[in-house]
Amino acid sequence: EGMTPPQRILFPPEEICMDWQQRQRPGAGLLNLGNTCYINVILQCLTYTPPLANYLLSREHSQLCFQQGFCMMCIMEAHVRKVLRSSASAIWPKAVIRDLKRKSFQVLQQVLSPSCRVALLTSFLVIGEEFEPDTAGDAFEFLCCALKAMQRACLGGSSNLDISSQTTTIVHQIFGGLLKSRVTCLRCQAVSDSYKAFLHILLDIKETSSLTAALEDFVTPKQLDGKSCFKCSKCEKKVTISKRVTVHHVPKVFTVCLERAADHTGKKISTFVEYPEYLDLLPYMSDTAAEPLLYSLYAVVVHSGDTCLDGHFFCYTKASNGLWYKMDDESVDNCGIHAVLRQQAYLLFYAR
């Protein structure tokens with residue numbers, strides 16, 4: 001339900017392994033190349049995403065890749081192997097930065113949403129022909145672009161595939177889910193459903209103090225008046241509607257951004273938002289009459305700074321040995337779950 005069946009399955013879902021296939025100590029830290037902490041935290045969080053790391057370590061993609069020039073999956077494969085197998089305490093992510101500087105990485109400029117915050121968009125667009133490591137960027141924007149570039153690499157130029165088939169890549173099968181939007185006309189009660197694939201969810205935290213409260217607000221019906229230009233096909237006029245968005249199909253990895261930008265000026269919402277080690281997504285589903293959908297936290301990105309336009313990013317990740325580590329550029333330090341759960345989180349990564 002929700003989308004037409006795919007014409008092709010690009011990656012068999014049964015081959016995705018959610019548990020680490022190799023258990024070892026944490027890998028190397030990443031040296032900062034000027035102002036690249038926002039890149040480092042995303043590279044580390046993706047490196048410690050078990051199903052993605054398992055796939056990249058198998059080298060399956062590069063062995064079958066025929067792309068000429070830039071390929072984000074090949075870049076990530078080489079990077080993850082280097083990080084997890086390096087004997088050094090920290091490495092220079094020069095290969096990643098070098099490839100981000102290539103002209104062909106303008107693909108990232110093409111996939112940025114027009115609604116991106118102007119200041120962050122301006123700083124991020126340097127990742128194109130003239131990537132400058134000294135220019136600050138935003139971790140969430142980099143995550144969005146990296147996932148889309150990885151998705152494009154998995155499609156391998158098959159742009160003529162139907163939408164459903166495009167969601168069967170390894171990237172979408174790990175990070176992708178489906179949202180259901182139900183619109184109800186408050187004049188005649190007519191109902192209309194639509195569906196949209198997602199790789200991550202952005203949550204408003206202006207008036208909330210916990211992740212679960214923010215998710216509850218996300219799925220709470222919102223009333224929109226006729227000025228919002230919704231025309232009811234039954235009433236044949238602009239009407240007041242109720243719109244409710246729910247999670248229809250869950251992803252294997254649930255990625256959440258807690259929106260800390262208070263407005264377009266870069267003013268930051270510094271409120272502590274409580275988030276659990278284990279999260280049940282069932283209350284936020286279209287159908288709540290089912291078994292619990294439990295997820296476990298495995299990575300957290302933190303932004304320290306007075307505004308969203310400056311400051312520093314660091315992260316916490318759970319390594320394959322089951323232990324938590326604080327990763328702050330080149331530093332990789334053991335820590336406990338209590339420290340992890342007390343942070344001013346910006347991005348949260350949960351795995352089923």
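Here are some friendly notes on this predicted model, point by point.

1. Overall make-up. The protein has 352 residues, and 50% of them count as buried. Its secondary structure comprises 12 helices and 16 strands. Looking at contacts with a separation of 6 or more, 69% come from residues 24 or more positions apart.

2. Helix α1. This helix covers residues 37–47. How many of its residues are buried? The count is 11 of the 11, so α1 is largely enclosed by the rest of the structure. If you would like to find them in the viewer, they are C37, Y38, I39, N40, V41, I42, L43, Q44, C45, L46 and T47.

3. How α1 meets α4. Two packed helices are described by the angle between their axes and the distance between the axes. For α1 and α4 (residues 72–85), the angle is about 80° and the axes are 10 Å apart. Since angles of 65 to 115 degrees count as roughly perpendicular, the two helices are therefore roughly perpendicular to each other. On the α1 side the contact uses L43, Q44, L46 and T47, while α4 brings M76, H79, V80, V83 and L84. By class, that contact has 6 nonpolar and 3 polar residues, with no charged ones.

4. S86, in the loop after α4. S86 sits in the loop that runs between α4 and β2 (90–91). S86 is buried, with a relative accessible area of 14%, and buried means under 20%. Setting aside neighbours within four places in sequence, S86 is in contact with R25, A28 and I91.

5. The second largest cavity. The model has 4 cavities of 30 Å³ or more. The second largest has a volume of about 50 Å³. Which residues line it? They are W20, Q22, Q24, R25, P26, Y48, L57, L84, A319 and S320. Sorted by class, this lining has 6 nonpolar, 3 polar and 1 charged residues. Two of these names appear above: L84 takes part in the α1 and α4 contact, and R25 is in contact with S86.

6. F198, in strand β4. F198 belongs to strand β4, residues 191–198. Is F198 buried or exposed? At 6% relative accessibility, F198 counts as buried. Leaving out neighbours within four places in sequence, the contacts of F198 are H172, F175, G176, G177, L178, L179, V247, H249, P251 and F254. F198 and T255 are 57 residues apart along the chain, with 9.8 Å between their C-alpha atoms.

7. D138, in a loop between helices. D138 lies between α7 (118–124) and α8 (139–155). D138 is a charged residue by class, and D138 is buried, with a relative accessible area of 3%. In sequence, D138 and F313 are 175 residues apart, yet from C-alpha to C-alpha the separation is 8.7 Å.

8. Two positive phi values. Most residues other than glycine have a negative phi. In R59, phi is near 60°, a positive value. R59 is in the loop between α2 (50–57) and α3 (60–64), and at 39% relative accessibility R59 counts as partly exposed. In D329, phi is near 55°, again a positive value. D329 is in the loop between β14 (324–328) and β15 (331–335), and D329 is buried, with a relative accessible area of 11%.

Definitions and conventions
Residues are numbered from 1 along each chain as its sequence is written. This is a predicted model: local features need pLDDT of at least 70, side-chain atom pairs count only at pLDDT 80 or more; totals for chains, interfaces and linings use all residues. Side-chain values use heavy atoms; hydrogens and water are left out. On a 1 Å grid over the protein atoms alone, a cavity is a set of points where a 1.4 Å probe fits but cannot get out, and a pocket is an open set with protein on both sides within 12 Å along at least five of seven lines; lining residues have an atom within 4 Å of a point. Grid points are joined across faces, edges and corners, and a volume is the space filled by probe spheres set on the points. Axes are lines fitted to C-alpha atoms, for helices over the stretch in contact, and angles run from 0 to 180 degrees between N-to-C directions. Helices (H or I, at least four residues) and strands (E, at least two) are DSSP runs, numbered from the N terminus. Angles under 35 degrees count as roughly parallel, over 145 as roughly antiparallel, 65 to 115 as roughly perpendicular and the rest as oblique. Contact means heavy atoms within 4.5 Å. Buried means under 20% relative accessible area, exposed over 50%, partly exposed in between (1.4 Å probe, protein chains only).
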